[in-house]
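Let's walk through this model together, moving from one helix outwards to its surroundings and then to the chain as a whole.

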Amino acid sequence: MVIGCGFICVFAVLINKVSLQETVEAVIGGSVVLPCSSTEHDLKPQETDVHWRHNGSEIVYDIVKGEDSLERQDLRYKNRAESLPDEYERGNFSIKLINLIHTDAGEFSCLITHSDELQTVLLIINESTAGKESKPTEDENPEDETDSVETSLNWACGVLMKYDSKRTGNSALQHHVDKVCKSPGLLQPSITAFASSTSRKIPQQAKQKVTEKCVEFCCKDIRPFRSIEGGGFIELAQQLINVGATYGSVAAQDVLPDPTTVSKRCRELATEKRTKLVEQLNDILTEVNSIGMTTDIWTEDYHKLSYLTITCHFVTGTFKMISTVLTTVAFPLEEAKTGENIRREIIRLLTEYGLDMSLLNKVVWVTDQGSNIISALRPYRRLDCQDHLYNTVMRHALDPTQLAQDAPTVAETLQATKTLVKYVKKTGIAALLSKTIIQMADTRFSTVYLILNSVRSVYQELCEKLRDRAEGWRIDAISPDVLDFLVEFLQPFYDAQRELEGDQYPTINVVFLWFERLKRHCNRKTTDSPYQAIIREWHLIWILRKVEIQELHKIATFLWPKYSQLRMLSSSERENLHLEVRRQLSDLRTEEATTEGPAPKKAAVDFEEWENVPVAADATDEVEKYSTQNHAMQDDRDVLGWWRDQQLNYPKLSVLARGILAIPASSSSSERNFSAAGRTIEQRRTALKPSTVDAILFLHKNMD
């Protein structure tokens, strides 16, 4: 069995660590505070992560850099677990669970990563005693209180305590108050008050030993230092600690499985979870009119094997956005990557996984403009990746040959900037600068903005250091005013691409708005110099040539309540779009509305000029009623949350929103998956079987 020595050393320490535990009791249907506090006096919440887990694996609550992070929270704890952010500064990271059920019983662990403190709480759930009091029978003596045990609810922290009037009196209650409840946040009891707990400090000597074993793990096995803060590593460490707590001191080799066993289980687990995912997809497809999928092909560097990936995107019945990987498989070596062969492979995979092929017409594919991909998906609904489109726009608009003719000062500044960045990185000057400068990627024109902005941020420093080396000529070719203009002009394109490439929040609803905004951004201004006017003109020309707004993009904007009046369209265009929405609604079936679970949010640019205004009209149907209202949104970007809450008012439109808002604006999910593939198939893992690569990448996105 081959296991890294450092790995075993680390967990040999961890598995022998038995965490001290506090016990709290509560009743079915009630609430309870699970205490967790840091003993660090100078703890800074913005530098602290806290991870609450139930029975070693279920994700109860995460606090990342002082902010609640609930994206990975298990569904059973949605809207049932809450913290008290105002207490973070005091080191109090307690959480409160409400509406308790039997399965909440068990061990809860609280890991404070900044101070390496691990605290555990054993929760005991009792049956509610309300309404169950009975009169004593003939065999019972109401005066005999020798074995009577009562309970007392501490209103300050919500903990139910046992109270034995004969044996301990109120000493246990007093001890609990002195130990747990006397924190600044609990002196004034309230419904939202939380308890502070005196943590059991881990001896510094023990923490130092763990640190040394972590060093061994990272150095012997050549692992990044950040490996020890990875979610998977922490959960494995916690599980090994739990084994040690249950079975005592054991040898790590007796617990850790053989690598072959891990590899086999990896593939098995991927198959099990993929089956469940496809079942969920089939259910979703029967409820809505669309889901999104992306696909692309990538070739790895070592064996030149090509991999085809498929990602899927949908919104659940609780209006939760799901974006995940369905598969990443080696493309048959003997086949050319023609459109027909790619389509055949996609159909084979979807059929093999059990997707209901009669519902494939509901899938909207989002891909780049590769001719073979376009050909493969011609029988189906497909949208162009907006990220690739704007990359193409900038590639053509900033073409060096064209710029050299029409705007030579811009061409000279761009070329001089690229050359300078390569030089300062090669000579080590970059390490002497206060900020990092970025080198341009050959295929990503969005990095033009990054390289220009990074140089502008250290322009004076570069001038000084180059002139100290008698090399000021290297920066003289960069015109400061051209540099400033290009950074300001290209920033909206960069912002658009960053928002459009997201997959954890709806993006298709901003496609039309960004298109309109960037067109206006490229209109000439009276104060423009000749080269500035040329740059704007070329970008506008290529936007109009390359970016095509489809009907789905406009419907998605319509489904954003803040812009439902579509004021950027003419009255006839709006009416035609309303007719199309009504047609799609006629094909929908509606289900009983649910309101469980939070919706993803994304803060970004506002498009104020197209926001709704009050309109008086008769609401004759859902479309008319919705389009004439000036909707109030608590969070302008929480589109899914708004539709979740409005299901009763708009039963059909809310289902339509579930389908259309799930479609991504770009195929960046496929690219991100291939980035993960590149980290998986690296120099030390070139012998991985394609089936194992597929399993690893699938579980990487589907382990939550």
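Which residues in α18 are buried? They are L552, H553, I555, A556, T557 and F558. Helix α18 spans residues 551-558, and with six of its eight residues buried it is mostly covered. Please keep in mind throughout that this is a predicted model.

**From α18 to a loop residue**

Two of those buried residues, A556 and T557, lead us to N509, which touches both of them. N509 sits in the loop between α15 and α16. Beyond its neighbours up to four places away in sequence, N509 also touches W560, V639 and L661. Its relative accessibility is 2%, and because buried means under 20%, N509 counts as buried.

**The helices around α15**

The loop that holds N509 joins up with a helix worth following in both directions. Helix α15 covers residues 480-500 and packs with helix α12, residues 447-457. Helix α16, residues 511-521, is another partner whose axis can be compared with that of α15. Two packed helices are described by the angle between their axes and the distance between the axes. Here are those values side by side.

| Helix pair | Angle between axes | Distance between axes |
|---|---|---|
| α12 and α15 | about 140° | 9 Å |
| α15 and α16 | roughly 175° | within 11 Å |

How are α12 and α15 arranged, oblique or antiparallel? Roughly antiparallel applies to angles over 145 degrees, and at about 140° the pair α12 and α15 is therefore oblique. Their crossing is left-handed. On the α12 side, the contact is formed by V448, Y449, L450, L452, N453, V455 and R456. These meet L483, D484, L486, V487, E488, L490, Q491 and Y494 of α15. Sorted by character, the residues of this contact comprise 10 nonpolar, two polar and three charged.

The crossing of α15 with α16 is at roughly 175°, which makes α15 roughly antiparallel to α16. In this contact α15 contributes E488, F489, P492, F493, D495, A496, E499 and L500. Facing them in α16 are V511, W514, L518 and H521. The make-up here is eight nonpolar residues, one polar and three charged. One residue links the two contacts: E488 of α15 meets α12, and E488 also takes part in the contact with α16.

**Buried residues elsewhere**

Helix α24, residues 690-702, contains D694. Is D694 buried or exposed? With a relative accessibility of 7%, D694 counts as buried. Setting aside its neighbours within four places in sequence, D694 is in contact with R274, T327, T328, V329 and Y353.

G56 gives another buried example, this time in the loop between β3 (49-54) and β4 (58-64). G56 has a relative accessible area of 6% and is buried. Which residues does G56 touch, not counting those up to four places away in sequence? They are Q238 and N242. G56 and N242 are 186 residues apart along the chain, while their C-alpha atoms are separated by 7.2 Å.

**Positive phi in two loops**

Most residues other than glycine have a negative phi, and most peptide bonds are trans. N99 has a positive phi, near 50°. N99 lies in the loop between β7 (95-97) and β8 (106-112), and its relative accessible area of 47% makes N99 partly exposed. I222 also has a positive phi near 50°. The loop between α3 (204-220) and α4 (231-247) holds I222, which is exposed at a relative accessible area of 55%.

**The whole chain and its confidence**

Stepping back, the protein chain has 24 helices and 16 strands. Of its 704 residues, 49% are buried. Among contacts with a separation of 6 or more, 68% are between residues 24 or more positions apart.

How confident is the prediction? The chain averages a pLDDT of 84, and 81% of the residues score at least 70. Among the elements, strand β15 (residues 363-367) has the highest mean pLDDT, 98, and strand β10 (residues 150-153) the lowest, 45. Over residues 15-19 the pLDDT stays under 50, and the model has 15 contacts beyond four places in sequence for them. Residues 179-199 are also below 50, and this stretch has 57 contacts in the model beyond near neighbours in sequence.

Methods
Residues are numbered from 1 along each chain as its sequence is written. This is a predicted model: local features need pLDDT of at least 70, side-chain atom pairs count only at pLDDT 80 or more; totals for chains, interfaces and linings use all residues. Side-chain values use heavy atoms; hydrogens and water are left out. pLDDT is the predictor's confidence in each residue, from 0 to 100. Helices (H or I, at least four residues) and strands (E, at least two) are DSSP runs, numbered from the N terminus. Contact means heavy atoms within 4.5 Å. Axes are lines fitted to C-alpha atoms, for helices over the stretch in contact, and angles run from 0 to 180 degrees between N-to-C directions. Angles under 35 degrees count as roughly parallel, over 145 as roughly antiparallel, 65 to 115 as roughly perpendicular and the rest as oblique. A crossing is left-handed if the near helix is turned anticlockwise from the far one by less than a right angle, and right-handed if clockwise. Ala, Val, Leu, Ile, Met, Phe, Trp, Tyr, Cys and Pro count as nonpolar, Asp, Glu, Lys and Arg as charged, and the others, Gly among them, as polar. Buried means under 20% relative accessible area, exposed over 50%, partly exposed in between (1.4 Å probe, protein chains only).
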